[in-house]
Amino acid sequence: MDDRIDNKRRRFLTNVTAAAWAVGGTVAAFPFIRSMTPSERAKAAGAPVVIDISRLEPGQMVKEEWRGKPVWVIRRTDEMLQKLAGLGENLADPDSERSDQPVYAKNVHRSRQPEVLVLIGVCTHLGCSPTTNFAIGPASGLGDDWPGGFFCPCHGSKFDLSGRVYKNLPAPTNLVVPPYRFLNATLILVGEDDGGTA
Ligand code: FES
């Protein structure tokens with residue numbers, strides 16, 4: 001009889017301890033999650049978002065959302081970067097004179113660091129979301145001389161790996177580069193730069 005009571009009591013105490021641990025764990029984890037992920041309300045209001053690129057391999061892309069729009073971060077390979085230099089005459093706005101990007105992204109790479117490209121993933125024609133096509137040449141299905149880039153399926157606009165639009169296609173300007181800055185080597189804050197919050 002005494003043994004049964006002891007066993008019941010032991011089970012009760014074990015459950016209480018487990019529940020307390022779970023609550024404590026949640027509280028301890030919350031500040032970290034909150035610092036990385038703004039609330040839905042803050043997001044809707046346009047709060048900057050942090051994007052972690054620590055696991056982004058060369059040739060890969062990660063997607064986030066800022067102000068209801070897709071944000072893409074691509075870690076370009078050396079081969080991708082080399083392709084950019086020779087494309088000028090095929091592009092509608094090769095020097096990004098008419099396109100929207102911060103002053104630090106007004107270069108052939110359209111970025112702060114050559115290998116890391118940050119773009120708003122919305123076509124500048126009528127707002128569709130282009131697809132990525134990083135394959136080169138015939139394997140891309142976009143022609144033997146396709147150097148890799150983005151393709152908008154709605155009306156056929158094509159963009160290079162800096163988001164620059166090709167000539168004689170519906171999109172009038174290059175894909176938009178949002179304001180951003182590096183918090184450290186692997187964290188990017190999108191929506192805010194040295195000039196403050198966008
Ligand atoms: S919306 Fe992209 S080409 Fe028309």
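Author: Two strands count as paired if DSSP finds at least two bridges between them. The model discussed here is predicted.

Reader: In which sense do β3 and β4 pair, and over how many bridges?
Author: At least two bridges are required for a pair. β3 and β4 meet this requirement, and their pairing is antiparallel, with a bridge count of five.

Reader: Which residues of β4 stand opposite V71 and W72?
Author: Both partners belong to β4. W72 faces L119. V71 faces I120.

Reader: How many bridges join β2 to β3?
Author: β2 covers residues 61–66 and runs antiparallel to β3. One of the facing residue pairs is E65 with P70 of β3. The bridges between β2 and β3 number six.

Reader: Which residue takes a positive phi in the hairpin of β2 and β3?
Author: Two residues lie between the strands of this hairpin. A phi near 55 degrees, positive in sign, is found there at R67.

Reader: How many of the residues of β4 are buried?
Author: A residue is buried if 20 or more other C-beta atoms lie within 10 Å of its own. β4 has five residues and is mostly covered. The buried ones number four.

Reader: Which elements give two or more residues to the largest nonpolar core?
Author: This core holds 23 residues, and V71, V73, V118, L119, I188 and V190 have the most contacts inside it. The elements contributing two or more residues are β1 (49–52), β3 (69–75), β4 (116–120) and β9 (187–190).

Reader: Which residues does V118 contact, leaving aside its neighbours within four places in sequence?
Author: V118 is one of the residues with the most contacts inside the largest nonpolar core. With the neighbours within four places set aside, its contacts are V71, V73, S111, V177, P178, Y180, I188 and V190.

Reader: In what order do the strands of the open three-stranded sheet stand?
Author: The pairing in this sheet is antiparallel. β1 and β8 (180–182) each have a single partner strand, so each is an edge with one side lacking a neighbour in the sheet. Neighbouring strands are turned against each other by 25 degrees on average, direction ignored. The order is β1-β9-β8.

Reader: Which residue of β9 is the bridge partner of D52?
Author: β1 and β9 are antiparallel partners over four bridges. The partner of D52 in β9 is L187.

Reader: Is S96 buried or exposed?
Author: S96 sits in the loop between α3 (78–84) and β4. Its phi is positive, about 55 degrees, although S96 is not a glycine. Most residues other than glycine have a negative phi. Because 20 other C-beta atoms lie within 10 Å, S96 is classed as buried.

Reader: How many C-beta neighbours does R110 have inside 10 Å?
Author: R110 also lies in the loop between α3 and β4. R110 is not a glycine, yet its phi is positive at about 50 degrees. R110 counts as buried because its C-beta neighbours inside 10 Å number 26.

Reader: What share of the residues in the protein is buried?
Author: The protein has three helices and eleven strands. Among its contacts with a separation of 6 or more, 53% link residues 24 or more positions apart. Of its 198 residues, the buried share is 26%.

Notes:
Residues numbered from 1 in each chain as written. Predicted model: local features only at pLDDT ≥ 70, side-chain atom pairs only at ≥ 80, totals over all residues. Buried ≥ 20, exposed ≤ 12 C-beta atoms within 10 Å, placed from the backbone. Contact = placed C-beta atoms within 7 Å. Core = buried A, V, L, I, M, F, W, Y, C linked by C-beta atoms within 7 Å. Axes fitted to C-alpha atoms, helices over the stretch in contact; angles between N-to-C directions.
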